[in-house]
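Trainee: I have a new structure open and would like to go through it with you, if you have a moment.
Mentor: Gladly, put it up and ask whatever comes to mind.
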Amino acid sequence: MRKTIIAGNWKMHKNQAESKALITAVLEGVSQMKGETLPDIVLCPVFLSLPLAAETLKSLKEKHGEVLNTCYVGAQNMDYHESGAFTGEIAPGMLTDIGLTHVIIGHSERRQYFAETNASVNLKTRAALANKLVPIVCVGETLDEREAGLTDQVIRRQVASALEELDKDQVAKIVVAYEPVWAIGTGKNCESTEANRVCKMIRETINELYATNVADAIPVLYGGSVKPSTIVEQMEQSDIDGALVGGASLKAEDFLPIIKGGAGRSKLMGTRA
Ligand code: PEP
């Protein structure tokens with residue numbers, strides 16, 4: 001079975017007290033979901049709230065036990081160097097040092113506003129894996145690219161670049177998030193069947209690149225205005241293994257039903273001749 005993952009990208013929202021309140025409300029809510037096959041749940045607050053979030057997760061795991069075993073804290077970004085004169089940056093080892101397990105790489109807002117490129121996404125993906133962090137690698141086309149009929153070409157290029165120089169064992173450890181840029185934070189949802197088609201194409205692209213069925217086990221998430229009202233249909237699709245959620249991850253009352261929508265939804269791995 002492929003893992004189902006529901007990840008919350010809090011972007012540049014929530015101070016310390018608000019972060020603590022949100023992570024507590026989400027995890028307390030998850031602790032009530034006993035008996036469900038829960039997805040992996042990854043909460044990604046701002047850098048300054050990461051130590052607090054990691055500590056809160058640890059203490060709530062001690063309080064509630066196994067039911068929170070699939071909950072994790074992740075970062076929204078990182079640098080790819082191990083250390084050095086890179087003012088304002090955070091190294092991968094600094095994330096694992098405080099107990100983090102996941103990192104979002106190449107979010108479209110990083111590509112758009114912070115000059116992230118396919119090349120830097122590749123360097124960060126490799127650095128994450130070298131540090132035993134699970135990279136959630138984001139890909140997605142802009143509205144112009146979609147309207148010009150370039151979606152598949154753009155996504156294939158982004159995927160191939162992100163994976164350059166990764167061997168088969170490394171690629172098996174990544175997570176991909178398909179996030180059409182025009183659907184992020186806009187309230188415009190990509191049709192579930194179209195999102196599924198692209199997620200499937202991502203999986204096929206990886207399998208072709210590695211000439212194996214390695215991608216049949218890689219979770220491919222959808223992101224872009226996911227809400228409690230959309231998650232069920234999205235999770236019904238054959239190739240969508242979860243969601244990367246922005247706006248709707250900022251309130252426990254929105255995020256908890258999304259987590260519930262991902263419960264018991266692990267997909268059978270495809271079979272390839
Ligand atoms: C995101 O930030 O990755 C995202 C998908 O945002 P939203 O859910 O708000 O569209």
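Trainee: Does Glu109 count as buried, partly exposed or exposed, and what is the relative accessibility behind that?
Mentor: Keeping in mind that this is a predicted model, Glu109 counts as partly exposed, because its relative accessibility is 24%.
Trainee: Which side chain does Glu109 meet in a salt bridge?
Mentor: The side chain of Glu109 meets that of Lys11, with N to O at 2.7 Å. Glu109 belongs to helix α4, residues 108-113, while Lys11 sits in the loop between β1 (5-9) and α1 (16-31), so the salt bridge ties together parts that are 98 residues apart in sequence.
Trainee: And Lys11, buried or exposed?
Mentor: Lys11 counts as buried, since its relative accessibility is 19% and the cut-off for buried is under 20%.
Trainee: How many salt bridges are there in the structure?
Mentor: The structure holds 15 of them. Another one is formed by the side chains of Arg146 and Glu194, at 2.8 Å from N to O. That pair links distant parts of the chain, with Arg146 in helix α6 (residues 143-147) and Glu194 in helix α9 (residues 192-210), 48 residues apart.
Trainee: What else pairs up with helix α9?
Mentor: Arg197 forms a salt bridge with Asp152, and their closest N and O atoms are 2.9 Å apart. Since Arg197 lies in helix α9 and Asp152 in helix α7 (residues 151-162), this pair ties together parts that are 45 residues apart in sequence. Arg197 is partly exposed at 35% relative accessibility, and Asp152 is also partly exposed, at 25%.
Trainee: Which residues do the shared partners join into one network?
Mentor: Glu141, Arg146, Asp152, Glu194 and Arg197 are joined into one network by salt bridges that share partners.
Trainee: Changing topic, how many helices and strands are in the protein?
Mentor: The protein has eleven helices and eight strands.
Trainee: What does the radius of gyration say about the overall shape?
Mentor: The protein has a radius of gyration of 17 Å, which agrees with the value near 19 Å that a compact globule of 273 residues would have. Along its principal axes, the C-alpha trace spans about 45 × 45 × 35 Å.
Trainee: What share of the residues is buried?
Mentor: Buried residues make up 53% of the 273 residues. As for contacts between residues at least 6 apart in sequence, 77% of them join residues at least 24 apart.

Terms used: Residues are numbered from 1 along each chain as its sequence is written. This is a predicted model: local features need pLDDT of at least 70, side-chain atom pairs count only at pLDDT 80 or more; totals for chains, interfaces and linings use all residues. Side-chain values use heavy atoms; hydrogens and water are left out. Helices (H or I, at least four residues) and strands (E, at least two) are DSSP runs, numbered from the N terminus. The radius of gyration is taken over C-alpha atoms; the globule rule is 2.2 Å times the number of residues to the power 0.38. Buried means under 20% relative accessible area, exposed over 50%, partly exposed in between (1.4 Å probe, protein chains only). Contact means heavy atoms within 4.5 Å. A salt bridge is a side-chain nitrogen of Lys or Arg within 4 Å of a carboxyl oxygen of Asp or Glu.
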